[in-house]
Amino acid sequence: MLSRLIGYEMKAFGRILLPLYGVAIILSLLVGIELNAFSGSKMPENAFGMALILFLGLLIMAIFIVTVVLSVGRFYTNLLGREGYLMFSLPTGTGTLIWAKVISSIIWSFFSTAVAFIAVMIPVLAYPGTVDELADMGRNGGWSALMEAIAPYRSNIILAVLLVIAYLAYCIVKIYAAIAIGQLWSDHRIIGSALAYIAMDIVEAILLGATGIAVSQSDRWNDLSQVMAFTGAEVVAILMCLAGIAVCGFITWILLDRKLNLE
Amino acid sequence: MAEIECRELVKRYGRKIALNGINLSLEHQRIIGLAGPNGSGKTTLIKLIQRLLTPTSGSIEIEGMKPGKETKNLISYLPDRDFLPDWMKADGLLNFYETFFEDFDREKAERLLDQLKIDRGLALKKMSKGTREKVQLVLCMSRKAEVYLLDEPLAGVDPAARDYIIHTILDNYNEDGMVLISTHLISDIESILDEVVFLKDGQIFLHENADDLRAKTGKSIDDYFREVFAC
């Protein structure tokens with residue numbers, strides 16, 4: 001059932017995001033062509049190129065904003081708006097409905113990041129001389145030197161990617177928990193959700209602050225700081241995100257499962 | 001075992017009591033009218049059965065189970081409002097129902113949509129309100145469910161459409177199951193009802209066999225309803 005729900009979410013996101021991705025790629029190709037054709041020109045002559053680059057930047061920002069708005073908006077309208085009458089009539093558990101939203105939001109966030117990266121890289125690679133420089137770098141053993149240089153940090157890079165995923169999931173579930181609290185109000189649900197989010201932020205800051213003070217005042221701080229090398233810090237951060245996901249996920253689940261209020 | 005059993009069911013919205021101590025037992029193979037004026041608690045009762053609301057106190061059982069994942073497999077629910085994603089096309093909605101409901105009969109749904117000459121390639125938001133309501137009804141009645149919960153299916157539609165809705169319900173429901181129709185337009189559905197439940201101020205005012213009620217009062221159910229709920 002989870003995979004079917006994710007499939008449905010993919011369609012709902014895709015109908016809005018895929019056209020934006022298409023426009024971003026086309027615009028980045030145009031910027032690439034323009035940069036290639038008029039690379040010698042200076043500002044007044046190349047105003048068109050500058051305008052294209054500006055539009056591309058704005059479009060990339062718009063893609064990220066729309067991804068966030070969709071992630072939050074679909075949870076609210078699809079589960080707690082009129083479409084909730086359909087979704088909560090499906091023969092599936094509340095947890096499955098929530099997970100489908102979280103997973104599809106993460107997937108689309110990565111798609112948006114990947115498209116933004118591609119949209120930036122196309123003009124960079126199209127800039128005269130870039131490809132030749134990269135090819136030279138390959139011939140001179142630059143690539144293998146680069147790989148050797150980053151080899152000791154491979155585990156850090158993998159952990160950093162996992163941390164980004166965990167933090168993204170935590171942010172999404174935290175917003176969902178705030179919305180789930182907000183739906184307990186008969187009226188002014190959006191205000192209720194916003195207040196719940198602010199309250200959760202305050203609690204989070206207090207907990208993080210208290211944890212930080214406790215660690216820094218500990219006699220073992222010096223040892224800890226040595227033990228907690230970069231890799232250790234990443235692991236701790238991932239575990240904290242997972243704890244946050246567990247707490248916020250439970251709040252969301254219990255409120256939608258036991259206190260659903262589709263008026 | 002009763003198909004639906006409510007015991008001392010109470011639902012409050014803040015200080016307002018929507019349902020107050022409902023005890024109700026509804027059986028298989030019956031078409032039941034749930035009648036009452038606006039605000040009497042009809043929609044609240046249906047939403048509680050479908051678990052879109054949680055009761056303040058009391059309990060509900062559907063075929064011996066509390067409302068949840070399992071009971072949603074047994075119930076085909078038609079809410080009193082547009083509830084389908086309006087960006088989806090009728091064909092997409094058929095796929096959706098086929099994907100999520102094992103008892104959905106796609107061929108029947110396609111046949112009904114074709115009879116209504118509804119363009120299956122058209123998005124719901126491009127359809128008229130009446131057409132959207134027909135699509136919703138077709139999807140709901142194309143399931144071979146144990147329980148059909150139909151919340152005000154006749155409200156706000158013209159008399160010709162009402163006839164279509166009533167015929168669609170009668171021709172397509174699973175006769176081994178049960179249909180619970182909430183309405184205040186009794187005269188339109190009186191002829192198809194086996195039982196009636198009158199709700200008044202969140203309480204059961206009456207629960208009778210339709211023929212027995214007519215014999216006892218010497219009136220049609222519609223006339224009796226008007227007498228009971230006269231302003």
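User: In this predicted model, what is the handedness of the crossing of α4(A) and α7(A)?
Analyst: The pair is helix α4 (residues 94–126) and helix α7 (residues 154–182), both of chain A. The model is predicted. The crossing of α4(A) and α7(A) is right-handed.

User: Are α4(A) and α7(A) roughly parallel, roughly antiparallel, roughly perpendicular or oblique to each other?
Analyst: Their axes lie 10 Å apart and make an angle of about 135°. Roughly perpendicular ends at 115 degrees, and roughly antiparallel needs over 145. The angle falls in neither range, so α4(A) and α7(A) are oblique.

User: Which residues of α7(A) make the contact with α4(A)?
Analyst: On the α4(A) side, the contact is made by I98(A), V102(A), S105(A), I106(A) and S109(A). By class, the whole contact has nine nonpolar, two polar and no charged residues. The α7(A) side consists of I165(A), L168(A), A169(A), I172(A), V173(A) and Y176(A).

User: How are α1(A) and α2(A) oriented to each other, roughly parallel or roughly antiparallel?
Analyst: The two axes come within 9 Å and cross at roughly 165°. The crossing is left-handed. Angles over 145 degrees count as roughly antiparallel. Therefore the orientation of α1(A) and α2(A) is roughly antiparallel.

User: How many charged residues are in the contact of α1(A) with α2(A)?
Analyst: The nonpolar class has 22 residues in this contact. Three more are polar. The charged residues number two.

User: Is V66(A) buried, partly exposed or exposed?
Analyst: V66(A) sits in helix α2 (residues 47–80) of chain A. Within 10 Å there are 17 other C-beta atoms. Buried needs 20 or more, and exposed means 12 or fewer. That count lies in between, so V66(A) is partly exposed.

User: What C-alpha distance separates V66(A) and I16(A)?
Analyst: Beyond its neighbours within four places in sequence, V66(A) is in contact with I16(A), L17(A) and L20(A). V66(A) and I16(A) are 50 residues apart along the chain. Their C-alpha atoms are separated by 8.6 Å.

User: Does L262(A) count as buried or exposed?
Analyst: L262(A) lies in the segment after α10 (230–258) of chain A. It has 20 C-beta neighbours inside 10 Å. The cut-off is 20 or more, so L262(A) counts as buried.

User: Which residues of chain B are in contact with L262(A)?
Analyst: Sequence neighbours within four places are left aside here. In chain A, L262(A) is in contact with G84(A), Y85(A) and F88(A). Y85(A) is 177 residues away in sequence but 7.6 Å away in space, C-alpha to C-alpha. From chain B, the contacts are K47(B), L52(B) and L53(B).

User: Which element gives the most to the side of chain A that touches chain B?
Analyst: The contact takes 19 residues from chain A and 21 residues from chain B. Two elements of chain A give two or more residues to its side, α1 (2–37) and α3 (84–87). By class, this side has eight nonpolar, five polar and six charged residues. With three residues, the element that gives the most is α1(A).

User: Which element gives the most to the largest nonpolar core?
Analyst: This core has 99 residues. L149(B), V179(B) and L180(B) touch the most other members. The most residues, twelve, come from α7(A).

User: With which residues is L180(B) in contact, leaving aside neighbours within four places in sequence?
Analyst: L180(B) is one of the members of the largest nonpolar core that touch the most others. Its contacts are L26(B), I32(B), L34(B), V147(B), Y148(B), L149(B) and L150(B).

User: How many buried residues does helix α5 of chain A have?
Analyst: α5(A) spans residues 130–139 and is hardly covered. After it comes G141(A), with a positive phi near 75°. Among the ten residues of α5(A), the buried count is zero.

User: Is E8(B) buried, partly exposed or exposed?
Analyst: E8(B) is placed in strand β1 (residues 4–13) of chain B. Its phi is positive, near 45°, though the residue is not a glycine. Within 10 Å there are 12 other C-beta atoms. The cut-off is 12 or fewer, so E8(B) is exposed.

User: What is the phi of D201(B)?
Analyst: D201(B) lies in the loop between β8 (195–200) and β9 (203–209) of chain B. With 14 C-beta neighbours inside 10 Å, D201(B) is partly exposed. It is not a glycine, yet its phi is positive, at about 50°.

Key:
Residues are numbered from 1 along each chain as its sequence is written. Chains are lettered from A and ligands numbered from 1 in the order in which they are written. This is a predicted model: local features need pLDDT of at least 70, side-chain atom pairs count only at pLDDT 80 or more; totals for chains, interfaces and linings use all residues. Axes are lines fitted to C-alpha atoms, for helices over the stretch in contact, and angles run from 0 to 180 degrees between N-to-C directions. Helices (H or I, at least four residues) and strands (E, at least two) are DSSP runs, numbered from the N terminus. Angles under 35 degrees count as roughly parallel, over 145 as roughly antiparallel, 65 to 115 as roughly perpendicular and the rest as oblique. A crossing is left-handed if the near helix is turned anticlockwise from the far one by less than a right angle, and right-handed if clockwise. Two residues are in contact if their C-beta atoms, placed from the backbone, lie within 7 Å. Ala, Val, Leu, Ile, Met, Phe, Trp, Tyr, Cys and Pro count as nonpolar, Asp, Glu, Lys and Arg as charged, and the others, Gly among them, as polar. A nonpolar core is a set of buried Ala, Val, Leu, Ile, Met, Phe, Trp, Tyr and Cys residues joined through C-beta atoms within 7 Å.
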